[in-house]
Structure formats: C-alpha cells, structure tokens
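Colleague: Before I plan around this model, I would like to go through a few of its features with you. Please give the reasoning with each answer.

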Amino acid sequence: MVGPTRTCVGCRKRAPASDLLRFVAAGSGDDLRLQPDPNRRLPGRGAHLHPDPACFALAERRRAFGRALRLPGVADTGMLAEHIRVASMSLGTTDDTAAVAVSRPSKVGRPR
C-alpha cells in the first residue's frame with residue numbers, strides 16, 4: 001500500500017505524504033506564523049512542502065502559503081524556514097537557493 005499522496009505547495013509536484021513536511025498556521029491576527037508539523041498531529045488546515053530550501057523559496061515567491069492555508073493575512077515563515085534548513089542539512093542538500101533560478105521553467109504566455 002502506497003498511502004496518501006499530497007501536492008507540494010512549492011514545486012507543485014505530487015508525492016507520498018510521508019515524503020513531504022506538513023505545516024499549519026498557528027496564532028492569529030498579527031501573530032500568524034507557519035509551524036512545522038512533522039508528526040502530522042496539529043489541529044487545523046495543513047499544507048505540504050518538500051523539506052528542501054528550493055521548494056520553500058518557490059512557495060515564498062509564488063505566495064503559496066497563504067493560498068494553501070486560506071490565510072487572511074501574511075504569516076511569519078521563520079519557524080518553517082529554520083526547520084527546513086535544519087532538515088536539509090541533515091539530508092545533505094544545500095541551503096543555496098540560487099539553484100532555484102536554474103531549475104525554474106521560463107514563463108510562457110502573454111507579456112504583462
């Protein structure tokens with residue numbers, strides 16, 4: 001049995017939920033922050049992200065966190081960023097977000 005699949009809010013690729021990091025919005029009002037939920041037990045609407053700095057950078061650039069969690073305002077991403085940085089260091093990936101620009105597909109369509 002494979003288990004449930006989820007979509008990464010950064011790269012938009014589907015992956016098994018066990019390969020992705022779940023996070024939730026904690027707090028309210030001006031104290032809204034994104035909190036990692038590695039045990040998948042925190043209450044509330046959750047979203048998923050690869051534990052990779054490149055996916056985190058893509059999600060920030062696309063402003064995907066607010067849409068995925070249906071947030072009324074802007075959330076502080078510091079706690080989630082630190083968790084991903086530590087997780088990526090333990091997995092051996094780099095913390096260099098310059099690789100995002102190289103792997104990002106060019107936009108196609110009508111110029112703005």
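Colleague: What volume does the second largest pocket have?
Modeller: Keep in mind that this is a predicted model. Its second largest pocket is lined by residues including Leu34, Ala59, Glu60 and Arg63. The volume of this pocket is about 170 Å³.

Colleague: Which element gives the largest share of the lining of the second largest pocket?
Modeller: Further along the chain, the lining takes in Ala64, Phe65, Gly66, Gly73, Val74, Ala75 and Thr77, among others. Two elements give two or more residues each, α1 (53-62) and α2 (64-69). The largest share, three residues, comes from α2.

Colleague: How many residues of that lining are charged?
Modeller: Glu60 and Arg63 are among the lining residues, and both types count as charged. By class, the lining has six nonpolar and three polar residues, and the charged ones number two.

Colleague: What is the geometry of the pair formed by the rings of Phe23 and Phe65?
Modeller: The whole structure has two aromatic pairs. In this one the ring centres are 5.5 Å apart and the planes stand at 80 degrees. Planes over 60 degrees apart fall in one class, so the pair of Phe23 and Phe65 is edge-to-face.

Colleague: How many residues apart are Phe23 and Phe65 along the chain?
Modeller: Phe23 is in strand β3 (residues 21-26), and Phe65 is in helix α2. The pair therefore links distant parts of the chain, and the two residues counts as buried by their relative accessibilities of 0% for Phe23 and 6% for Phe65. Along the chain, Phe23 and Phe65 are 42 residues apart.

Colleague: What is the geometry of the pair formed by Phe56 and Phe65?
Modeller: The ring centres of Phe56 and Phe65 are 5.5 Å apart, with the planes at 40 degrees. That angle is neither under 30 nor over 60 degrees, so the pair is tilted.

Colleague: Which residues form the aromatic cluster?
Modeller: Phe65 pairs with Phe23, and Phe65 also pairs with Phe56. Phe56 is buried, as is Phe65. The one cluster is formed by Phe23, Phe56 and Phe65.

Colleague: Is Leu80 buried or exposed?
Modeller: Leu80 is in helix α3 (residues 78-91). Leaving out residues up to four places away in sequence, Leu80 touches Leu21, Phe23, Leu34, Pro36, Leu49, Phe56 and Phe65. Its relative accessibility is 0%, so Leu80 counts as buried.

Colleague: What distance separates the C-alpha atoms of Leu80 and Arg33?
Modeller: Along the chain, Leu80 and Arg33 are 47 residues apart. In space, their C-alpha atoms are separated by 8.5 Å.

Colleague: Where is Arg63, a residue with positive phi?
Modeller: Phi of Arg63 is near 55 degrees, a positive value in a residue other than glycine. Arg63 is exposed, with a relative accessible area of 67%. Its place is the loop between α1 and α2.

Colleague: Is Arg70 buried or exposed?
Modeller: Arg70 is found in the loop between α2 and α3. Although not a glycine, Arg70 has a positive phi of about 55 degrees. At 62% relative accessibility, Arg70 counts as exposed.

Colleague: Over which residues does pLDDT stay under 50?
Modeller: The mean pLDDT of the protein chain is 84, and 80% of its residues reach 70 or more. One stretch stays under 50, and for this stretch the model has nine contacts beyond four places in sequence. The stretch is residues 95-109.

Conventions:
Residues are numbered from 1 along each chain as its sequence is written. This is a predicted model: local features need pLDDT of at least 70, side-chain atom pairs count only at pLDDT 80 or more; totals for chains, interfaces and linings use all residues. Side-chain values use heavy atoms; hydrogens and water are left out. pLDDT is the predictor's confidence in each residue, from 0 to 100. Contact means heavy atoms within 4.5 Å. On a 1 Å grid over the protein atoms alone, a cavity is a set of points where a 1.4 Å probe fits but cannot get out, and a pocket is an open set with protein on both sides within 12 Å along at least five of seven lines; lining residues have an atom within 4 Å of a point. Grid points are joined across faces, edges and corners, and a volume is the space filled by probe spheres set on the points. Helices (H or I, at least four residues) and strands (E, at least two) are DSSP runs, numbered from the N terminus. Rings of Phe, Tyr and Trp (its six-membered ring) pair if their centres lie within 6.5 Å; planes under 30 degrees apart count as stacked, over 60 as edge-to-face and the rest as tilted. Buried means under 20% relative accessible area, exposed over 50%, partly exposed in between (1.4 Å probe, protein chains only).
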